[in-house]
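Visitor: Could you take me through one part of this model up close? I'd like to start with a single helix and its surroundings, and then see whatever else is worth a look.

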Amino acid sequence: MGFSQRILAVICLVWFAFAGVRTEDAYKYFTWTVTYGTIYPMGVPQQGILINGQFPGPQLNVVTNDNVLINVFNYLNEPFLLSWNGIQQRRNSWQDGVLGTNCPIHPRSNFTYKFQVKDQIGTYFYFPSTALHKAAGGFGGLAIASRSVISIPYPTPSGEYTALIGDWYKINHAVLRRWLDSGKALGMPNGVHINGRGNGLSTFKVDPGKTYRLRISNVGLSTSLNFRIQGHKMKLVEVEGSHTIQNVYDSLDLHVGQSCSVLITANQVPKDYYIVASTRFTTRVLNGVALLRYSNSRQPASGPLPPGPTIQIDWSINQAKSIRWNLTANAARPNPQGSYHYGLIKPARTIILANSAPIINRKQRYAVNGVSFLPPDTPLKLADYFNIQGVYNLGTLPDYPKGGGAYLQTAVMSGQFRSFIEIVFQNYENTIQSMHVDGYSFFVAGMEGGQWSPASRKSYNLFDAVSRSTTQVYPNSWTAILLMLDNAGMWNIRSEIWSRQYLGQQFYMKVAGAEMLDEYSAPRNALMCGRARGHHAHP
């Protein structure tokens, strides 16, 4: 064999060696300690929930397909559970962090969440899902960056910030919980915070002439908010993992549980400017204020707060309809978002979900199609895994409202794996709703006033509707969504208005695939509670 042939042989061997090596997605490890602490969101001291001593909790920054391991130590005096708003948990509802899938972490114990942010990008948040802990904190931002090999449809920003906005109550979460348990409403919140502060103490620093990405999430309990920056435009670029048509707005409505990304350019006179988050559709407008501060600023923010919409519903509907999918942009994968032609798929099933506010057993409850969800004593996933009977009632939530009296039940709806379905959220009440679907991203095909009918499909956007996981439903209106049930698991469909979720406006959909093939088995470290106590995930 000649020299050149030997060199070629070596090159081939090296190539085959490297070709046989599988590049594994990165692992990110975190340790979080959950404690009580004193916080000041409304300027007065109150007990809050801290993660690693922080309120809001630590920002969680990951990259598409990262494997995330978070060891959570609970030092509260009651069980605690975290959920990941908008994270799809592909094949892995075991990590969803709601009572239908997980036992809560008991005091002075820990649990390690293990999940992959598979084929996702975008802006999300995490939050405590039980015992009204969300009213005390425990939430934080969650950002999934694109892989370096995937282009984004705008120049790389000079920096990035997270703005967690939400309404807030000065009253301790345990008291609020007792109010709800007794049938008493929470009433109007006391204020609005931006990153845990409500009086202009949160500051976002920028350099003149540079452009920044601002990730915004409404982490509140009950109130839609309008977000704006004095003297600055906002270019919307992403909504809950979807690149959007890059419209420019003076202000943006974010309903409870929703997230988005905007680009802002520091192109004004160097000084401080007001950032405002104000309540929408409320009789009294509450404002949360922060500051945009130029690095060479020598002048404080001045003048009145920038005005925003208050009770105008049509304004909000028109803005919502203007938010559309960017068909040519790549998302988590190299193929353009628009290569998925959702509008050409005929739904195999239509589900109409009507919210209501019944009185059951002389107490205020909330319901979907007349069923007010009763939390189980054993997670539904564990009941399935160990074949524990009597934990929930499969197929008892009807596909459409039937009238009659409302009742309490641990109702679970069955969904056919890999079927394409249409869900209509029908709101007969005079208050705005915000609805979320765990495990999926859906297309917001249409929203209009009045009652939905099959003729309403004529108004659907079947071309470039935005894909997201949380949608608003305006008063006395409907919102229609389309989604492919391609993620096997037990998935929570709920109101993001937390008093309504707490008092029954939620249920679970069981999407059953082939065991082990379409869904992961129970994790070895799964916590056991209720009727699953004493069982083990693996022999």
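**A close look at helix α2**

Guide: Let's begin right at the start of α2, where a side-chain oxygen of N172 comes to within 2.8 Å of the backbone nitrogen of A174. Bear in mind that this is a predicted model. The helix itself covers residues 173-182, and its buried residues are H173, A174, L176, R177 and L180. Those five lie on the same side of α2, because the arc they cover around the axis is only 160 degrees. The spacing fits the usual helix arithmetic: with 3.6 residues a turn, residues three or four places apart in an α-helix point the same way. And what sits over that side? The cover for the buried residues of α2 includes β1 (27-39), β2 (46-51) and α5 (498-502). At the other end, just after α2, you meet G183, which takes a positive phi of about 95 degrees.

Now for a strand, β12. This one runs over residues 211-218, and seven of its eight residues are buried, so β12 is largely enclosed by the rest of the structure. Look at what it pairs with. Strand β9 (residues 159-168) pairs with β12 in the parallel sense, over seven bridges; there, L164 has S217 of β12 as its bridge partner. Strand β18 (residues 259-265) is also joined to β12 by seven bridges, but these two run antiparallel. Here R213 stands opposite L263 of β18. As for the side chains, in a regular strand they alternate between the two faces of the sheet. While you're at β18, whose residues are 259-265, check C260: its relative accessibility is 5%, below the 20% cut-off, so C260 counts as buried.

Speaking of cysteines, finish with the disulfide. The structure holds one, formed by C103 and C529, with their sulfur atoms 2.1 Å apart. C103 sits in the loop between β5 (82-85) and β6 (109-116), while C529 is in the segment after β36 (506-512), so the pair ties together parts that are 426 residues apart in sequence. The link is a covalent bond, as a disulfide between the sulfur atoms of two cysteines always is. The torsion about the S-S bond of C103 and C529 is about -85 degrees, so this disulfide is left-handed. Neither end is out in the open, either: C103 is buried, and C529 is buried too.

Conventions:
Residues numbered from 1 in each chain as written. Predicted model: local features only at pLDDT ≥ 70, side-chain atom pairs only at ≥ 80, totals over all residues. Heavy atoms only, no water. Buried < 20%, exposed > 50% of the residue type's maximum accessible area, 1.4 Å probe, protein only. Helix = DSSP H or I, 4+ residues; strand = E, 2+ residues; numbered from the N terminus. Arc of directions from axis to C-beta. Contact = heavy atoms within 4.5 Å. Polar contact = N/O pair within 3.5 Å; in protein donor to acceptor, adjacent residues only side chain to side chain. Disulfide = S-S within 2.5 Å. Pairing = 2+ DSSP bridges.
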